[in-house]
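Here are my notes for a colleague who is opening this structure for the first time. Please read them with the sequence and the model side by side.

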Amino acid sequence: MSGFHTLDSADLKGKRVLVRVDLNVPMENGHVSDATRIDRILPTLREIISKGGKAILLSHFGRPKNGPDDANSLKPVAGVLAQHLGRPVAFAPDCVGKAADSAIQHMANGDVLLLENTRFHKGEEKNDPALVQQMAALGDLYVNDAFSSAHRAHASTEGLAHKMPAYAGRTMQAEIEALSKALEKPARPVGAVVGGAKISSKLELLGNLTKKVDFLIIGGGMANTFLAAQGKKVGKSLCENDLLDTAREIMKNAAVNKCQIVLPTDAVVAKEFKAHAHSHVVSVDHVGDDEMILDAGPRSVAEVEAVLTAIKTLVWNGPFGAFEIEPFDAATNAVARTAARLTVEGKLLSVAGGGDTVSALNHAGVAEQFTYVSTAGGAFLEWLEGKHLPGVEALRA
């Protein structure tokens, strides 16, 4: 990976390795309900262990407001991490100071130690130099394996990289390589699927993609705003009427950049938003005043699938419809399965990310078949928006 130091060049034996990971996992009744982020860091931890390093883990958890509290403690995560790693994981009740230092002193080569929530210190989110210095004193080198937190210039995500020899972990490396292949030096033609509820939350993303991709496929609630901007009636559908001029401007800019915008031509509509509500397919020119668009129709799906067969690179963020509720998951499922099949056949490089997107691909049963699926939310979006991520920039050699 050019421009970054990776673990390939790190001398780990006997070293105290501060590893920034993302263990901000969902919890239900004190138990981890989704261990995806834990599994993503295992290759990096196993490599550090196998090379005789001491893995000292830093992570945030939740949004604590007033210092330490049990609800935001990482202690319950240590046991789950140990189960997935297949070896003990010690825990220290602070990420700096005597408690952390004492726990590190008792480590042998190949041991793993999880330090308490970095956000229990206000200096973490402020990137306070004093806290950075305290953290740096605990290790010999720094590895960042938390791409999902790389859009934050915090003490443990950005500050440490300037104080110690810094390396990208294997998950960070995989994220950067996948996204670079998808947008910086992609095989063309390039297509992007952008879905979700609102244009307002993805204005910068849409603006950047019209300059980078050949096809911009718009789905979800935001497609309704584009349809309305074209003068079509969308009934009771979710629609940002105050952004119709913005949608027209995006379409105008896309035309200037020779980016073809692909919008639904038919839709699945219903008069109420609930599971198995009575629904039918109509042309987007014939949506009733008392109807709402809840999914793309079969003709729209076929048109998107035709685009997928014509492109070589796909970036995906956001579903086509209300995929959480049947039968309004049909379009997302169909397009996801086609993209997965083309990927498996070696005809498409597919990169997806964002919380709803990961859920949608898991729902369709194809997440494992995409080239790369990012667990990052905000960082993935900001990368697609063309922004520089502080945690990534700090690792540049």
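1. The chain holds 14 helices and 17 strands, where helices (H or I, at least four residues) and strands (E, at least two) are DSSP runs, numbered from the N terminus. This is a predicted model, in which local features need pLDDT of at least 70 and side-chain atom pairs count only at pLDDT 80 or more, while totals for chains, interfaces and linings use all residues. Residues are numbered from 1 along each chain as its sequence is written, and side-chain values use heavy atoms, with hydrogens and water left out.

2. On overall dimensions, the C-alpha trace spans about 70 × 45 × 40 Å along its principal axes. Of the 397 residues, 58% count as buried, that is, under 20% relative accessible area with a 1.4 Å probe and protein chains only, whereas exposed means over 50% and partly exposed lies in between.

3. One open sheet has six strands in the order β5-β6-β4-β1-β7-β8, with parallel pairing; two strands pair if DSSP finds at least two bridges between them. At its edges are β5 (90-92) and β8 (166-168), each of which pairs on one side only. Neighbouring strands of this sheet are turned by 25° against each other on average, direction ignored, with axes taken as lines fitted to C-alpha atoms, for helices over the stretch in contact, and angles running from 0 to 180 degrees between N-to-C directions.

4. Within that sheet, β5 and β6 (residues 112-115) are joined in the parallel sense by three bridges, and Phe-91 has Leu-114 in β6 as its bridge partner. Helix α1 (residues 36-50) packs on the sheet and touches β1 (16-20), β4 (54-58), β6 and β7 (141-144), its direction making about 180° with that of β1; contact means heavy atoms within 4.5 Å.

5. Is Ser-149, in the loop between β7 and α5 (155-159), buried or exposed? Ser-149 is buried, because its relative accessible area is 4%. Leaving aside residues up to four places away in sequence, Ser-149 touches Arg-20, Asp-22, His-60 and Thr-157.

6. Another open sheet is built from three strands in the order β13-β12-β14, with antiparallel pairing. Since β13 (279-283) and β14 (292-296) stand at the edges with a single partner strand each, one side of each is left without a neighbour in the sheet. Four bridges join β12 (residues 266-270) to β14, and Val-269 has Ile-293 in β14 as its bridge partner. Helix α10 (residues 298-310) lies across β12, β13 and β14, and runs at about 145° to β12.
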